[in-house]
Amino acid sequence: GVLAWEGRMEELMEEQPDDMCNTILSIFAAAYRSGFASTSSTGHLDSSANLEERRVAVLGTMERFRDQSQAMCNLAATLLFLDRKGEATTHYEKARALGAAHGFFTVECSACQGLGLTAVKEGRLEEGVELLRSALAAVPLCEDKNPARELAVLSTLINALFKMDAFDELETLVPRYREAAQEQSRSSGRLDVMELDSLLFRARLHEARGKPQ
């Protein structure tokens, strides 16, 4: 596999142009992520994060700002999984600023979602929800038109709103999630697991509404 060449990675990159260095770093970072998927070793994720951080620098040198800001979001997501919340927040904030400066709505959406999730994990619910609302507002403007993006943002926001007992907003967002999940199933031609999630959200909301305040 790729990781068998790990000891020669620096040699492979020696005197190579930046675009080739970026490709090599990307290949090894992906290999480490695959290694984590098969072994659950967080050491693989640490190595992947280190390589992604180098990619961020290389992409900045090349002025490939869209790719750089997306790489920042990917790096931040890995750091958040590793519970390195402070570092994750820093990279999400940098990505958000870069996305705003260049009009990269997909990056802004991803960064706001990541920042919102981080804030929720740290108990800053109101701040987190506001960031997640910003992410949801950016979804229709995203360049990649990925239908799964809306579902991902909605799911994160809905779970945060349940923690705040924000039932009025949930009455709007839970059906929206259901509709988006159904559309995802129609597009793929098979029942998507998100449809099952939508039923669980409906059940949770029904149960919560039935509890005495």
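What follows is a chat between a trainee and a mentor about a predicted model of one protein chain.

Trainee: Let's start broad. How many helices and how many strands does the protein chain have?
Mentor: Keep in mind that we're looking at a predicted model. Reading along the sequence, you just get α-α-α-α-α-α-α-α-α-α. So the tally, with helices and strands counted as DSSP runs, is ten helices and zero strands.

Trainee: What does the C-alpha trace span along its principal axes?
Mentor: The protein chain has 213 residues, and 43% of them count as buried. Its accessible surface is about 11300 Å², with 52% belonging to carbon and sulfur atoms. As for the C-alpha trace, the spans are about 65 × 35 × 35 Å.

Trainee: And the charges: how far apart do the centres of the positive and negative sets lie?
Mentor: Count the side chains and you get 24 positive and 33 negative. Take the centre of each set, and the distance between the two is 5 Å.

Trainee: Let me pick a helix. Which elements do the buried residues of α7 pack against?
Mentor: Helix α7 covers residues 125-138 and reaches 20 Å from its first C-alpha to its last, close to the 20 Å expected. Its buried residues include Val129, Leu132 and Leu136. Residues three or four places apart on an α-helix point the same way, because there are 3.6 residues a turn. The partners of the buried α7 residues are α5, α6, α8 and α9.

Trainee: Which element gives the most to the largest nonpolar core?
Mentor: In soluble globular proteins, nonpolar side chains tend to be buried together. Here the largest nonpolar core has 29 residues, and Ile158 and Leu170 touch the most other members. The elements giving two or more residues to this core are α6, α7, α8, α9 and α10. The top contributor, with eight residues, is α8.

Trainee: What does Leu170 touch, leaving out residues up to four places away in sequence?
Mentor: Leu170 is one of the two residues that touch the most other members of that core. With residues up to four places away left out, the list for Leu170 is Ile158, Leu161, Phe162, Pro175 and Leu205.

Trainee: How many residues are in the second, separate core?
Mentor: Look for Ala49, Ala71, Leu75 and Leu79, which are among its members. The total for this second core is 19 residues.

Trainee: Ser40 has a positive phi; is Ser40 buried or exposed?
Mentor: Most residues other than glycine have a negative phi. Ser40 has a phi of about 65° although it is not a glycine, and it is found in the loop between α2 and α3. Its relative accessibility is 55%, so with exposed meaning over 50%, Ser40 counts as exposed.

Trainee: Where is Glu63, and what is its relative accessible area?
Mentor: Glu63 also isn't a glycine, and its phi is a positive value near 60°. You'll find Glu63 in the loop between α3 and α4. Glu63 is exposed, with a relative accessible area of 58%.

Trainee: Last one: what separates the C-alpha atoms of Ser198 and Arg178?
Mentor: Ser198 lies in helix α10 and counts as buried at 0% relative accessibility. Leaving aside neighbours within four places in sequence, Ser198 is in contact with Tyr177 and Arg178. Ser198 and Arg178 are 20 residues apart along the chain, and their C-alpha atoms are separated by 5.1 Å.

Conventions
Residues are numbered from 1 along each chain as its sequence is written. This is a predicted model: local features need pLDDT of at least 70, side-chain atom pairs count only at pLDDT 80 or more; totals for chains, interfaces and linings use all residues. Side-chain values use heavy atoms; hydrogens and water are left out. Helices (H or I, at least four residues) and strands (E, at least two) are DSSP runs, numbered from the N terminus. Buried means under 20% relative accessible area, exposed over 50%, partly exposed in between (1.4 Å probe, protein chains only). Accessible areas come from the Shrake-Rupley method with a 1.4 Å probe; for residues, only the protein chains shown count as cover. Lys and Arg count as positive and Asp and Glu as negative; His and the chain ends are not counted. The place of a charge is taken as NZ of Lys, CZ of Arg, CG of Asp or CD of Glu. The expected span of a helix is 1.5 Å times one less than its number of residues. Contact means heavy atoms within 4.5 Å. A nonpolar core is a set of buried Ala, Val, Leu, Ile, Met, Phe, Trp, Tyr and Cys residues joined through side-chain atoms within 4.5 Å.
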